[in-house]
Amino acid sequence: MKKYLFPFFVLLLCFQGCKTTKTVAGKTMELTTQTVPVTDSAPKAIDWHDQTTFLLGYFNPERLTHYPYSTWYISGFDDYELKTEAINKLLEISKEDLAIKVVMGTWCPDSRREVPRFMRVLDIWQFPVDKVTFIGVDEAKRSPVGEYVSLDIQRVPTFIIYKNNIETGRIIENPTTSLEQDIVNILSGMNNNK
């Protein structure tokens, strides 16, 4: 029965706006159907340069799992193919005295590509999320964060790795090899990105 209701409503909508006359109890009545607005079920494209989509200042990375950011974050996280050899090296490195700052712009295609991948690497490495600070910037790479100017951000995303509260290295915009290998290189003193 239910499978017949949907086609019936589709046919009803096809004839919307048509006038029909019908005889009821010997009287002719003019029936007019009302036009019912039908909304398009396909989502509109997101304009990432619209300031209402910017995440500015400090923000919780969990926000990236919610719409509209989830449209790129979840697939970027799930689809990233890790480099096994680099991950195995990374798993041997202690996380104890480390902290990371991620400076990104939700308007930036590089940020939308690299940040989910970076978070996937941190997830596999079991790096504590509470030791990762996220800072969102606008298209001019400004942010309402007091310490922001001292970070000297030129391009985004920028991943800044600290050991004992001292900057050890950066991955800027794109990794040199892979995110996981670049982290290993930074933490083992073979940093090329700083």
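# Reading the sheet, helices and cores of a predicted model

Q: Let's start at one pair of strands: how many bridges join β3 to β5, and do the two run parallel or antiparallel?
A: The general idea is that strands of a sheet pair through backbone hydrogen bonds, either parallel or antiparallel. Here, in what is a predicted model, β3 and β5 run antiparallel and are joined by two bridges. If you want a spot to look at, find Y58, which stands opposite I135 in β5.

Q: Which strands make up the sheet, and in what order?
A: Five strands form an open sheet, and going across it you meet β3-β5-β4-β6-β7. The pairing is mixed. At the edges sit β3 (57-58) and β7 (166-172), each of which pairs on one side only.

Q: Which helix packs on that sheet, and which strands does it touch?
A: That's α4, which touches β4, β5 and β6. The direction of α4 makes about 160° with that of β4.

Q: Where does "mixed" show up if I look at β4: which neighbour runs parallel to β4, and which runs antiparallel?
A: Look at the two partners in turn. β4 and β5 run parallel, joined by five bridges, and M104 stands opposite G136 in β5. β4 and β6 run antiparallel, with six bridges between them, and L98 stands opposite K163 in β6.

Q: Why can I call β4 largely enclosed?
A: Buried means under 20% relative accessible area. Six of the seven residues of β4 are buried, so the rest of the structure largely encloses this strand.

Q: And just before β4, where is D97 found, and what is D97 in contact with beyond its sequence neighbours?
A: D97 is in the loop between α3 and β4. Leaving aside neighbours within four places in sequence, D97 is in contact with K131, Y162, K163 and N164. Take K163: the C-alpha atoms of D97 and K163 are separated by 5.5 Å, though the two are 66 residues apart along the chain. As for exposure, D97 has a relative accessible area of 38%, so D97 counts as partly exposed.

Q: What share of the chain's contacts is long-range, if I take residues 24 or more positions apart?
A: Among contacts with a separation of 6 or more, 61% are between residues 24 or more positions apart.

Q: Let me step back to the whole chain: how many helices and strands are there, and in what pattern do they follow each other?
A: There are five helices and seven strands. Along the sequence, the pattern reads α-β-β-β-α-α-β-α-β-β-β-α. Buried residues make up 38% of the 194 residues.

Q: How do I read a nonpolar core, and which residues touch the most other members of the largest one?
A: In soluble globular proteins, nonpolar side chains tend to be buried together. In this chain the largest nonpolar core has 32 residues, and L64, F134 and I183 touch the most other members. At least two residues each come from α2 (70-79), α3 (84-91), β4 (98-104), α4, β5 (132-136), β6 (158-163) and α5. α4 gives the most, with six residues. A second, separate core holds 13 residues, including F54, C108, V137 and V156.

Q: What does F134 touch, not counting residues up to four places away in sequence?
A: The list is G57, Y58, F59, P61, L64, V102, M104, V115 and M119.

Q: Which residues of α2 are buried, and what covers them?
A: The buried ones are S70, W72, Y73, G76 and F77. Their cover includes β4 and α4.

Q: How do I describe helix packing, say for α4 and α5: at what angle do they cross, and is the crossing right-handed or left-handed?
A: Go for distance, angle, hand and then residues. The axes of α4 (residues 109-125) and α5 (residues 179-187) come within 9 Å and cross at roughly 65°. The crossing is right-handed. E114, R117, F118, V121 and W125 of α4 meet L179, E180, I183 and L187 of α5. Those contact residues divide into six nonpolar, no polar and three charged.

Q: And α3 with α5: how far apart are the axes?
A: They are 8 Å apart, and the helices pack at an angle of about 40°. This crossing is left-handed. A86, I87, K89 and L90 of α3 make the contact with E180, Q181, I183 and V184 of α5. Here the split is five nonpolar, one polar and two charged.

Conventions: Residues numbered from 1 in each chain as written. Predicted model: local features only at pLDDT ≥ 70, side-chain atom pairs only at ≥ 80, totals over all residues. Heavy atoms only, no water. Axes fitted to C-alpha atoms, helices over the stretch in contact; angles between N-to-C directions. Helix = DSSP H or I, 4+ residues; strand = E, 2+ residues; numbered from the N terminus. Left-handed = near helix turned anticlockwise from the far one by under 90°. Contact = heavy atoms within 4.5 Å. Nonpolar A, V, L, I, M, F, W, Y, C, P; charged D, E, K, R; others polar. Core = buried A, V, L, I, M, F, W, Y, C linked by side-chain atoms within 4.5 Å. Buried < 20%, exposed > 50% of the residue type's maximum accessible area, 1.4 Å probe, protein only. Pairing = 2+ DSSP bridges.
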